[in-house]
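Below are some notes on the model you sent round. They are set out as numbered points, for reading beside the coordinates.

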Amino acid sequence: MLFDLQPTLTGALLQLRPLREDDFDGLFAVAADRLIWQQHPASDRYQEPVFREFFRGALESGGAFVVVDTAGGGIIGSTRYHGYEPTSSQIEIGFTFLARSHWGGRYNGEMKRLMLDHAFRFVDRVVFLVGPTNWRSRRAVEKIGGVLAGTRRNAAGRDSVAYEITAAGYAMLR
């Protein structure tokens, strides 16, 4: 079975739908908050030219989502599947950010559950790559069951801390 990298995933709080070109303004309105990027290795992503390049890459990735708050219908962030490796049965979830108004666990937790539920229909392992000093994101991944698995060089050539969740481990968390 082929991994569908951009399904529409809907939960009680959120809908994740494939990112579209016309989402730029709504998504940049969220990303323009410099505090979102404070601990992120790309701490200048709140600047429009930098974010425009990020957005272009997201569109080209074929695995990016826009995150919509189902209560208000507004865009509150983005995430994506990346680095699908069918031979090793793994995929990465990353490039995630949410509006600060939606920080604190419930929204991130539901977003990751929707993505993990979908991913584990196709793979045995999900990897999260996080900037070593991005403590907020590291805690968020640990909160959903991510286990520290070492370090890796990410697609941008930066060192990242690798967390993973296996299908078996996830089943025990549920």
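**Notes on the predicted model**

1. Phe 95 is found in strand S5. The model is a predicted one. Phe 95 has a positive phi of about 55 degrees, although it is not a glycine. Most residues other than glycine have a negative phi. With a relative accessible area of 33%, Phe 95 is partly exposed, because the class runs from 20% to 50%.

2. A charge also lies at this ring: the charged end of Arg 80 sits over the ring of Phe 95, 3.7 Å from its centre. Phe 95 is further one of the residues nearest the centre of the largest pocket, along with His 40, Thr 96, Asn 134 and Ser 137.

3. The largest pocket has a volume of about 1100 Å³ and is lined by 44 residues. By class, the lining has 19 nonpolar, 15 polar and 10 charged residues.

4. Which element gives the largest share of the lining of the largest pocket? Strand S5 does, with seven residues. At least two lining residues come from each of helix H2 (48-61), strand S4 (75-85), strand S5 (90-98), helix H3 (106-119), strand S6 (125-130) and helix H4 (135-143).

5. Ser 89 shares the backbone feature noted for Phe 95: a positive phi of about 55 degrees in a residue that is not a glycine. Ser 89 is found in the loop between S4 and S5. Is Ser 89 buried or exposed? Ser 89 has a relative accessible area of 15% and is buried, because the class takes residues under 20%.

6. The aromatic pairs deserve their own points. The count comes to 16 aromatic pairs. In Phe 24 and Phe 28 the ring centres are 5.8 Å apart and the planes meet at 5 degrees, so this pair is stacked, the cut-off being under 30 degrees. The two residues are four apart in helix H1 (residues 24-31), and therefore Phe 24 and Phe 28 are separated by about one helical turn. Phe 24 and Phe 28 are both buried.

7. An edge-to-face pair is formed by Phe 65 and Tyr 81, at 5.7 Å centre to centre and with 75 degrees between the planes. This pair links distant parts of the chain, with Phe 65 in strand S3 (residues 64-69) and Tyr 81 in strand S4, 16 residues apart. Phe 65 counts as buried, because its relative accessibility is 0%. Tyr 81 is buried too, at a relative accessible area of 1%.

8. Ring pairs also join residues into a cluster: Phe 24, Phe 28, Trp 37, Phe 51, Phe 54, Phe 55, Phe 95 and Phe 97. Phe 95 of the pocket and the stacked pair of Phe 24 and Phe 28 thus appear in one list. Arg 52 lies over the face of Phe 24, at 4.0 Å from the ring centre, while Arg 80 holds the corresponding place at Phe 95.

9. Strand S8 (residues 159-166) has two antiparallel partners to check. Six bridges join S6 to S8, and in S8 the bridge partner of Leu 129 is Ala 162. Strand S7 (residues 147-153) pairs with S8 in the antiparallel sense, over six bridges. There, Arg 152 has Ser 160 of S8 as its bridge partner.

Terms used:
Residues are numbered from 1 along each chain as its sequence is written. This is a predicted model: local features need pLDDT of at least 70, side-chain atom pairs count only at pLDDT 80 or more; totals for chains, interfaces and linings use all residues. Side-chain values use heavy atoms; hydrogens and water are left out. On a 1 Å grid over the protein atoms alone, a cavity is a set of points where a 1.4 Å probe fits but cannot get out, and a pocket is an open set with protein on both sides within 12 Å along at least five of seven lines; lining residues have an atom within 4 Å of a point. Grid points are joined across faces, edges and corners, and a volume is the space filled by probe spheres set on the points. Ala, Val, Leu, Ile, Met, Phe, Trp, Tyr, Cys and Pro count as nonpolar, Asp, Glu, Lys and Arg as charged, and the others, Gly among them, as polar. Two strands pair if DSSP finds at least two bridges between them. Rings of Phe, Tyr and Trp (its six-membered ring) pair if their centres lie within 6.5 Å; planes under 30 degrees apart count as stacked, over 60 as edge-to-face and the rest as tilted. Buried means under 20% relative accessible area, exposed over 50%, partly exposed in between (1.4 Å probe, protein chains only). A charge sits over a ring if NZ of Lys or CZ of Arg is within 6 Å of the ring centre and within 35 degrees of the ring normal.
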